[in-house]
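The following exercises ask the reader to work through a protein structure step by step. Please keep the sequence and the 3D view at hand.

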Amino acid sequence: MKNFQAIDQALNNIRDINYWEDVESDNMRSIVEKFNAGDWAALDLALSQKSEEWKARCAQILDESQSQDSFNILLKILCSPDANTVVRALYSIDSLENAQHEKLKSSDDAFSKAKSTLENSNYSTTAKRDYLKLLNSIFSK
């Protein structure tokens, strides 16, 4: 659970977005690769209590993890009521190997929630169309 605590602390204390984007997110990805079952369980439990910004950053650092646990967390984040968080989760899921995409076909609930969030978002019509197109392409792979 030590690895989750490091991730949680980093996601709770982002002060410089440029530093996060350039350096810290890569450091966090390397920590995610060391997650054990206890870390994944702690992340899963904590997710419902975290801010949408925290969830979006979490999705961002799960984009290179090919584990089933990472995939399951990304599906939960994809069900967020916040459009920015959904978009982050979409991009991370899109970067996963095709083997994970096969599992999406049985995730109707995640698809429906993400679609609804995007359709009701404040994004421009063009952005909505592009994000919905990405959502559909991910779930149809």
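**Exercise 1. The two sides of a helix**

Determine which residues are exposed on the other side of helix 9, and where the buried residues of this helix lie.

*Solution.* The model examined here is a predicted one.

Step 1. T125, R129 and K133 are the residues exposed on the other side of helix 9.

Step 2. The buried residues of helix 9 are A127, Y131, L132, L134, L135, I138 and F139. Because they cover an arc of only 155 degrees around the axis, they lie on the same side of helix 9.

Step 3. Helix 9 runs over residues 125-139 and has 15 residues. From first to last C-alpha it reaches 21 Å, close to the 21 Å expected at 1.5 Å a residue.

**Exercise 2. The nonpolar core**

State which residues of the largest nonpolar core touch the most other members, and which elements give two or more residues to this core.

*Solution.*

Step 1. The largest nonpolar core holds 40 residues, and I7, F35, L43, L78, L90 and L118 touch the most other members.

Step 2. Two or more residues come from each of helix 1 (2-12), helix 2 (17-32), helix 3, helix 4, helix 5, helix 6 (83-94), helix 8 and helix 9. Helix 9 gives the largest share of this core, seven residues.

Step 3. Consider L118, leaving aside its neighbours within four places in sequence. L118 is in contact with A83, V86, V87, L90, Y123, K128, Y131, L132 and L135. Among these contacts, Y131, L132 and L135 are buried residues of helix 9.

**Exercise 3. Salt bridges**

Find how many salt bridges the whole structure has, and describe the pairs K76 with D44, K113 with D109, and R129 with D130.

*Solution.* Side chains of opposite charge can pair when their charged atoms come close.

Step 1. A search of the whole structure yields nine salt bridges.

Step 2. In the salt bridge between K76 and D44, the closest N and O atoms are 2.4 Å apart. K76 belongs to helix 5 and D44 to helix 3 (residues 37-47), so this pair ties together parts that are 32 residues apart in sequence. K76 has a relative accessible area of 45% and is partly exposed; D44, at 32%, is partly exposed.

Step 3. K113 and D109 form a salt bridge whose closest N and O atoms are 3.3 Å apart. The two residues are four apart in helix 8 (residues 108-119), so about one helical turn separates them. K113 is partly exposed at 38% relative accessibility, and D109 is partly exposed with a relative accessible area of 47%.

Step 4. R129 forms a salt bridge with D130, with the closest N and O atoms 3.6 Å apart. D130 counts as partly exposed, at 38% relative accessibility. Elsewhere, salt bridges that share partners join D26, R29, D63 and E64 into one network.

**Exercise 4. A serine in a loop**

Decide whether S65 is buried or exposed, and describe its surroundings.

*Solution.*

Step 1. S65 is located in the loop between helix 4 (52-61) and helix 5 (68-78).

Step 2. The relative accessible area of S65 is 4%. Buried means under 20%, so S65 is buried.

Step 3. The side chains of S65 and S67 are joined by a polar contact of 3.4 Å. Not counting residues up to four places away in sequence, S65 touches V32, E33, W40, S70 and L96.

Definitions and conventions:
Residues numbered from 1 in each chain as written. Predicted model: local features only at pLDDT ≥ 70, side-chain atom pairs only at ≥ 80, totals over all residues. Heavy atoms only, no water. Buried < 20%, exposed > 50% of the residue type's maximum accessible area, 1.4 Å probe, protein only. Polar contact = N/O pair within 3.5 Å; in protein donor to acceptor, adjacent residues only side chain to side chain. Contact = heavy atoms within 4.5 Å. Expected span 1.5 Å × (residues − 1). Arc of directions from axis to C-beta. Salt bridge = Lys/Arg side-chain N within 4 Å of Asp/Glu carboxyl O. Core = buried A, V, L, I, M, F, W, Y, C linked by side-chain atoms within 4.5 Å.
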